[in-house]
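I am opening a fresh notebook page for this structure. My plan is to look at one chain and then at its contact with a partner.

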Amino acid sequence: MNLKTAKIISLLITMTGAIVLYQGATFSWLGDQQGYEPQQPIAFSHKLHAGDNQIACLYCHSSADKSRVAGIPAASVCMNCHSQIKKDSVEIQKIAQSISDNRPIEWVRVHDLPDHAVFNHSRHVTAGLKCQQCHGPVETMERVYQFDSQFMGTCVSCHRTHREVTLDESGKPLITSESTAKKLMASTDCSVCHH
Amino acid sequence: MNGEKLWKIIQHQDADDNRREMPRAALSRRTFIELIGFSAASLILSSCRPPQQKIIPFVHQPVEMTPGLANWYASTCGGCSSACGALVKVRDGRPIKLEGNPEHPLSNGGLCAIAHAMVFNLYDSERLRQPLVGSKPSTWNEVDAQITGKLDAIKKSGGKVRVLTSTIVSPTSREIIARFLSQFADGRHIIYEAVSNAAIRQSHLRTHKTATSPVYNFEKAKLVISFGADFLGAQGSSVQSAKEYARARNLRDESREMLRHVQFESRMSLTGSNADARYRVSPQEEIDALLLLARLVAEKKGSAAPAAIQSFDPPRLGARLREAIAAIAGEIVKHTGKSIILSGSNDSDVQAVVNFINHLAGNYGNTLHLDITSSPEGSGQSGDAEMVRLVEEMKQGQIAALLIFSANPVYDYFNRDELTSALARVPLKISFNSHTDETTALADFTCPHPHFLETWDDAQPSPRVFSLNQPTIAPLFETRPYQESLLLWSGERRAYYDVLRDNWKARLFPLQKKWATFDEFWDQSLHDGVFVAETVTTVEPAFIVDEVGRAAEALKSRNAEGLSLILYEKISMRDGRHASNPWLQEMPDPITKVTWDNYATVSPGLARELQLEEGRVIRLSNASASIEIPVFIQPGQDDSSVAVALGYGRTKAGRGGSAVGVNVYPFVRFENGTFQYTSGVRIEKTANKIELAMTQRHATLDGRPIVREITLADYIEGRIDEGQSHTSEPRSIWKDHPYGDHKWAMVVDLNSCIGCSACLLSCQAENNVPVVGREEVLRQREMHWIRLDRYYKGDDENTAVVYQPVMCFQCDNASCESVCPVLATVHSSEGLNMQVYNRCVGTRYCANNCAYKVRRFNWFEYPHTDPTANLALNPDVTVRTRGVMEKCTFCIQRIEEVKILARNEGREIRDKEIQTACQQSCPTQAIFFGDMADAESRVNKLKHDERDYILLEELNLRPQISYLAKVRNSPREEA
């Protein structure tokens, strides 16, 4: 392709793009992935596992209360149950195959914060936040999609209103906006997330 | 000090008008608009589909690994032969940072700049990825088959086999080498250090009948007299020395005593720059001063001295030096058994006289120990003469096989041509080096050794201390430890790990009584990273005085006339083995502040005489070599000498390290059984001029008390502040910030800071600070978040030096915050001056308005295109893009990490729990960080120290960093 053709093609693309983007229905902010629901390599149903069978989130996402990242379970975690249950399913056999090949499953990332924002799962889980607060009704999702826009506004609105955390009778944190109890203050300093 | 001017640069350089902010590009208006069209099109195309990212979990997740959480492993730094204890931070399987191991008895939590830079070497994509036959990539099977065949033939023919290495601190490796060599009729292990200190061992063989280096204990000393020894810089275990030195000079916590340090030297060394009294002497005067000191100490002690010393009366020494030496002799006698005399010379005659003074002063057994249990055969140290003999043997075609590990003689042997032609006569040359360096390029086989973070090893840095090195990542490339190669070629197919364990079981396990089983002992040693033997008997050998007479006689007959060239090691580049590391190349020399180059330091007097200016290229020549090198004018340098750093001028050191500076190894002499690093030269001026990439020409802070300094006498009498502090109470136009639970602050003790620059590199590794290269440093765009300011005091001849690390001060009334138009730099509720990269649009107003000039701007998208090198990045710190301002934020990621940990555990943050990267591994513990909201915190107490002061206090910026004034232990008239 010579330079002239390239110029004409890029002009056409730019104009078409401008027309498409200008329509309100398809317009979205840069980086907005709300509703993003990619095809996953294995048709894993959160509805079945977390909803119908009531498996705790932390059983699979076991580092969510310890680490910055919640963690995607290793293939071996699936086989804790599936070495007995539904061994014949095509989807389960993909996992078994992954283990026998020693090749990890490549899940498609749904929730992806920009690289300049740091989110720590452990602080929020330990402070008593429900996973659904940010991730939506995952227990009803056949395939996971991004429930919230996860823009900074979501974080900050919560950090502004839930400045302090009180403990309930059993000693577990209880989300409240009353400024009475233990210091577990959510900060609105930029550097808390951006460093 | 009162009104005394601190000065920073020798001559104000005319601003170079040619320097442009951006490289000029031929770009017409039309092309520009076309390019915009292309980018708009590509933007739209790329937004058609959401960017898809993968999350790839483990198949079987290791038990000890939690994604996103760092594991720390105790190990040993392999950057040099000091073998400091290191803790390796491993995030998601990648080692990303080395920190000091506080439990290591020698380095005590300190690490030097080189150690921090070693992470870069691990992810260096120029490391060899597989074994080579000649220069062709091969496989291990192929290489092994060919080499064993050739070695078997040598076994039959009885040919000579030599293993050539630099100092091997690992006792197990030494044993493996010995085992390998025992297969051959004539096999020997030659240890070659390009920058050798063999003379210290050789002199002890002469005076104590044991070829060992003494172990120094600076902490016990009250007086250190150094004749050109750079013990805080590049000589010996500098981290350990610096640690003990700083402890002996600590004036915090009500201490009023400090070690006094006197230095006689020709060039301005890092050690000399920290001396309480520094005497500028010529190399010849240095020897005279040493002999005179020996005579005067012997006289004052009433001890017998050899005739050559008794009758010594140096004609060359001036009255001032003579008086000073007489006074020092008195001090040595006063502090019997509490002084250390050192010399940087690699001449065993000089070192023999040093031993004599140490002996007279009663220092053996007190401040320095000769441990004869580390027998010379076992210590893996051989003399320089063996290397010379090896070259001779090779030249005569006697050597059948040469195996080289961690040595690069083709670059750093003084007689390179002779060596290269000699190597050509060796039929089998095997290199274990990890890069295709100058020597490896000539090898028949290359069997690359992994990085020390990828392999097992041990180290014995001191007779009682055994350090373990454990792998923290699987080898990135097809490498194999040289120990395993040697074992294999000795007929043992074993993992080095097994041999190491067996060796520890046989040799070290019996040296302790605490653990009943070997497994427990091993696990504990592995956990600690170090094992200290309980029982080692040390015998102090008797002193033999005869040799001192012979040495003194020889020294008296030596008479260097004319100009001397002094070859030294820079603390960053050392002998040149890490030249391919751009972090070290870009680290400014603490004194000259030059990066990416070596140069000839010339005294202001000599520069005037020869009409040299900075950057003027001169030709230095003598019978053995001739080089052209730019001049750097160095106050405090002696007039009859020129000093040039070794370790530069590599030809095969990769993208970053090749063709940087000039190789001066050809000037090294072999004399009196050792390599000598001074030689006579002629100097000629040429017409060329080079601009040196210095980081110091910004900001000359005229005459203000930037670095406060007092004498010990004044300090003890409480005269601390005379005329230095700002008295009037400034008023602020800003309201005070309301603070919450924390207020982070820092104190830097200038009396402890020695300018070693370890903080700078630690910060670079922690905060993903990019390297910008020589051109950009010339444009004054280096990115280091810590600037280590150096100021001179006194005049060109009697020059004292002070250091001051300057990072972002996190001011309460920050001048940067008030000018940012987009609120990208704002104040946090914890007293930090936050920098929000994603808000920054790059106006650079903040940097212009910063009084301390600590902000750094990303002029370019600094390359992060090498996927291997990117593995070294700290995932907790954003990689900044072009057009963004950045600066120190007190390692905010570490603060947040500890805050989250403490809150998850439902407790308060403990004092000293948060350590910034610069503070953690500071070898002298000069940096303190903590919470001012905690009345009991260490930093809060230090802020109330009498020596505490604020830089540029009159500006009323109310910074969170303050300094503790430097104290010099010198009589007042000298100050």
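In what order do the elements of chain A run from the N terminus on? I read them off as α-α-α-α-α-β-α-α-α-β-β. I keep in mind that this model is predicted.

**Entry: chain A alone**

I looked up the element count. Chain A has eight helices and three strands. Next I checked burial. Of the 195 residues in chain A, 20% are buried. Then I turned to contacts within the chain. I took those between residues at least 6 apart in sequence, and 56% of them join residues at least 24 apart.

**Entry: the contact between the chains**

How many residues does each chain bring to the contact? I noted 45 residues from chain A and 42 residues from chain B. Several elements of chain A supply at least two residues each to the side that touches chain B. They are helix 1 (3–22), helix 4 (75–82), helix 5 (90–101), strand 1 (107–108) and helix 6 (121–126). Which of the elements of chain A gives the most to this side? I found helix 1, with six residues.

I also sorted the side of chain A that touches chain B by class. I wrote down 17 nonpolar, 18 polar and ten charged residues.

**Entry: strands across the contact**

I followed strand 1 of chain A next. It pairs with strand 1 (residues 54–55) of chain B. The sense is antiparallel, and the pairing runs over two bridges. Which residue stands opposite A:Val108? I found B:Lys54, in strand 1 of chain B.

Technical notes. Residues are numbered from 1 along each chain as its sequence is written. Chains are lettered from A and ligands numbered from 1 in the order in which they are written. This is a predicted model: local features need pLDDT of at least 70, side-chain atom pairs count only at pLDDT 80 or more; totals for chains, interfaces and linings use all residues. Two residues are in contact if their C-beta atoms, placed from the backbone, lie within 7 Å. Helices (H or I, at least four residues) and strands (E, at least two) are DSSP runs, numbered from the N terminus. Ala, Val, Leu, Ile, Met, Phe, Trp, Tyr, Cys and Pro count as nonpolar, Asp, Glu, Lys and Arg as charged, and the others, Gly among them, as polar. Two strands pair if DSSP finds at least two bridges between them. A residue is buried if 20 or more other C-beta atoms lie within 10 Å of its own, exposed if 12 or fewer, and partly exposed in between; C-beta atoms are placed from the backbone.
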